[in-house]
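Dear colleague,

Please find below the structure for your records, together with its sequence. My notes on the findings follow it.

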Amino acid sequence: MKPPRSIPSGEFPSRSTSASTPTDSRSREVVPLEEEHERLLALADVSSQIFWTSAGIEKSVGGLPGWMDFTGQPAEALRGRKWLDFVHSEDRPHVEQALARAFDERVAFSVSFRLRRSDGQYIWMMGRAVPLLDADGTVREWVGTSTNIHAFRLAEERASFLARAGELLSASLDYDATLAALARLPVPALADWCILDVLGPNGQFIRAQVVAADPSLEALVQEVRGLSPLPHAKSSYPPTVALVEGRASLVRDVTDELMRQAAQNAWHLSVMRRVGIRSLLTVPLLAHGHILGSLTLAASTSDRRYAEEDLRFAQELAHRAALSVDNARLYREAREAIRLRDEFLSIASHELKTPLTPLSLKLQSLERAAEAHPDSSLAPLVRSTVQAGRQQLRKLTTLMNGLLDVSLIVSGCLELRREEVDLRCVVREVVARLTPRAGKFQSPLVIEADAPVVGQWDRSRLEQVVTNLLDNALKYGAGSPVVVRVSVENGFARLSVRDKGIGIAPEQSRRIFERYARAVSERHYGGLGLGLYITRAIVEAEGGRVHVHSALGRGATFVVELPLRA
Ligand code: ADP
C-alpha cells in the first residue's frame with residue numbers, strides 16, 4: 001500500500017505536482033484538468049473494481065456507479081456509514097476496527113470483508129483506501145477501491161478445507177468413524193445440516209449420519225435420522241435421486257411446494273418443514289463405478305444459498321470421501337471375513353479332532369487282537385495296517401492341534417504353565433523322537449550343548465517350539481545335517497537350529513512368521529504355514545524372540561532367545 005499523499009485542496013495530483021513543484025517541472029507536461037478527469041472516468045468504467053470517495057456522490061468518480069450496481073441500492077442508501085449495513089455481520093467488527101484505526105492515524109488501510117450483492121449473496125471484497133490530506137494535515141476525503149476477491153478467497157478456503165478433509169478421512173480405517181467424520185466435516189462451514197446415506201450390511205441404503213449445526217436440535221436430528229432414504233424409487237427426493245440414479249441435485253431455493261413434491265409422506269413433509277430447509281444440494285458417493293451412498297447439505301437458518309460452484313465443490317469432497325468410505329468398507333468386510341474364517345476353523349478343528357481318539361482306541365484293540373493271534377495269516381497285514389494308520393493319525397492330530405493352537409492364540413487364550421525346565425534335556429528328547437524321521441530324510445541330527453540351560457518355561461510348549469523348528473529343518477533341509485545348539489548368551493537361553501537346505505529369500509524372512517504364510521510352493525512342499533506362527537506366539541509369550549538368518553539356496557538358521565526367568 002502506498003503512503004498517503006498530501007494534496008492541496010481542489011487539485012488533482014498531476015496538476016498540483018506539475019504546477020507547484022519546480023524540481024519536477026522538467027519531466028512533467030501540464031495536462032488539462034478536463035482531459036485528466038475524463039481519463040479517470042474511463043478508467044473507472046473499464047475497471048472491474050468499485051471506486052468510491054467519501055467526498056459525496058456528486059464528487060465521486062462517475063457518481064459511485066460500481067457501488068450502486070453491486071448492491072442494487074440508490075446512492076442515498078449508501079451515504080455516510082450506511083454502506084456498513086451491507087457488510088456481513090460477522091465481518092463488520094473488524095472492518096469498523098480497521099476504519100477507526102485508519103481514521104485516527106490518517107493512514108491508508110486495507111481490509112477484507114463480505115459485501116451483500118443485489119441478489120442477496122455475500123461476496124468477498126478487498127477494500128483499500130487512502131486519505132487525501134489538506135495542507136494543514138487534516139483529511140479532506142478518503143478515496144478507495146473495493147476489489148472482488150471472492151473466487152480467490154473461495155478457492156483458498158476450499159483447498160484448505162479439502163486438505164483438512166483428506167486428513168480427517170484418512171485418520172481411521174474404522175467404517176463408522178469414517179462416516180461420522182465425513183458427516184461432521186461440512187457443518188457449519190458449508191451447511192447447517194448434513195445427511196449421509198450409505199449402503200448398509202444387507203445391501204440396502206440406510207441413513208447413517210445426520211448432523212445439525214445447532215446442538216439444541218438433537219430431537220429433530222433423530223427424526224431426520226428415522227426417515228428412510230429410499231421409500232420408493234421414483235421420488236424426486238434428492239437423496240433418493242442420488243442413490244438410485246447416481247445423480248446430483250441442486251435446489252437453490254427450496255420452496256414449500258418443492259418440499260411437498262419431494263416428501264414421501266405427511267410425516268416426512270412435517271420434518272422437512274420443521275428443519276426449515278431453504279437451500280439444498282445432494283451428491284452421490286461413487287467409487288469404482290458403484291453408488292456407495294449420498295451426501296446432502298442443507299441450509300436452514302443461515303442465509304446461504306447453494307450455487308453451481310458449491311455443487312462442484314461438494315462433488316469433489318464426495319469423490320474423496322467415497323474412496324475413504326470404500327476403503328473402510330472393504331477393510332471392515334475383510335476383517336469380518338477373517339473373523340468368520342477363524343471362527344469356522346476353531347469349530348471345525350474341534351469337531352474334526354473328536355473322532356481321532358476313538359479311532360486311535362480302535363487301532364489299539366486291532367493291534368492287541370493281532371498280538372493275541374500271532375499265527376493267524378492276517379496278523380502281519382493287521383500289524384502293518386495298524387502302523388500305517390497310527391502314522392496317519394499322528395499327522396492328523398498334529399494338524400488339528402495346530403489349528404486349535406491358532407484359535408487359542410487369536411483369541412488371546414494361550415496359557416503357559418511354567419516350571420523349571422532344562423532346555424538341553426528338551427532338545428535331547430525331541431531329537432530322540434525325531435531320529436527315525438531324520439533317517440528317512442538322510443539328515444543326521446547333531447546336538448551341540450555343553451551344559452544344562454535351565455529356565456522357567458512351559459515344558460510342553462517348549463517341546464513344540466523345538467519340534468516345529470526341527471521338523472522344518474528336516475523338511476526344507478534337502479538332506480543336509482541339522483545342527484541344534486543350546487547355550488546361554490547375555491543372560492538369555494539361546495537355541496539355534498541350522499540346516500544347509502533350500503533357504504529363504506531375505507524379503508520373506510519376516511513374513512514366514514505370519515499366520516498361513518509360506519515361502520514355498522504347495523506343489524513341492526505340503527503344510528499349512530502355521531508352525532512358525534505358533535512358534536513365534538509361544539516364544540513371545542515366554543518373553544523371548546525368534547528370528548532367522550538365511551539366503552535362498554544357502555540353508556537357514558532359526559534362533560530362539562528366551563529369558564531364563566519369566
Ligand atoms: P509350513 O512348513 O507348514 O509351511 P511353517 O510356519 O513351519 O509352515 O513355515 C512357514 C514357511 O517358512 C514354510 O512354508 C517355508 O517356506 C519357510 N521355512 C520354514 N522353515 C524353513 C527352513 N528350515 N528352510 C527353508 N524354509 C523354511
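**Ligand contacts and the neighbouring strands**

An oxygen atom of the ligand lies 3.2 Å from a polar backbone atom of G531. Please bear in mind throughout that this is a predicted model. Two further backbone contacts belong with that of G531. A backbone N or O atom of G529 is 3.1 Å from an oxygen atom of the ligand, and for V520 the distance from a polar backbone atom to a ligand oxygen is 3.4 Å. How much of the ligand's accessible area does the protein cover? On its own the ligand has 530 Å² of accessible area, and the protein covers 97% of it.

Three elements each give two or more residues to the shell around the ligand: α15 (459-476), α16 (531-541) and β16 (556-563). Of the elements, α15 gives the most, with three residues. The shell holds 20 residues, of which N472, Y476, R518, A519 and L532 come nearest to the ligand. Sorted by class, 12 of the shell residues are nonpolar, five are polar and three are charged.

Since β16 contributes to this shell, its surroundings may be of interest to you. The strand is mostly covered, with eight of its eight residues buried. Which residues of β16 point one way, and which the other? A556, F558, V560 and L562 point to one side, whereas T557, V559, E561 and P563 point to the other, and all of them are buried. The charged residue E561 is thus listed among the buried residues of this strand.

β16 has pairing partners in two strands. With β14 (residues 492-499) it pairs in the antiparallel sense over eight bridges; in this pairing, F492 has P563 of β16 as its bridge partner. With β15 (residues 545-550) the pairing is likewise antiparallel, over six bridges, and V548 stands opposite F558 of β16. β15 and β16 form a hairpin with five residues between the strands, where G553 takes a positive phi near 75°.

A final item comes from an annotation record. In an unreviewed entry, UniProt places the feature "domain: Phytochrome chromophore attachment site" at residues 268-320. In the model, this span is 40% helix and 36% strand, and its end C-alpha atoms lie 30 Å apart.

In short, the ligand has backbone contacts at V520, G529 and G531, and β16, one of the elements that supply its shell, pairs with β14 and with β15.

With kind regards

Key: Residues numbered from 1 in each chain as written. Predicted model: local features only at pLDDT ≥ 70, side-chain atom pairs only at ≥ 80, totals over all residues. Heavy atoms only, no water. Near = heavy atom within 4 Å. Polar contact = N/O pair within 3.5 Å; in protein donor to acceptor, adjacent residues only side chain to side chain. Areas by Shrake-Rupley, 256 points an atom, 1.4 Å probe, with all protein chains shown as cover. Helix = DSSP H or I, 4+ residues; strand = E, 2+ residues; numbered from the N terminus. UniProt positions renumbered as here; feature names shortened; annotations may be inferred. Buried < 20%, exposed > 50% of the residue type's maximum accessible area, 1.4 Å probe, protein only. Pairing = 2+ DSSP bridges.
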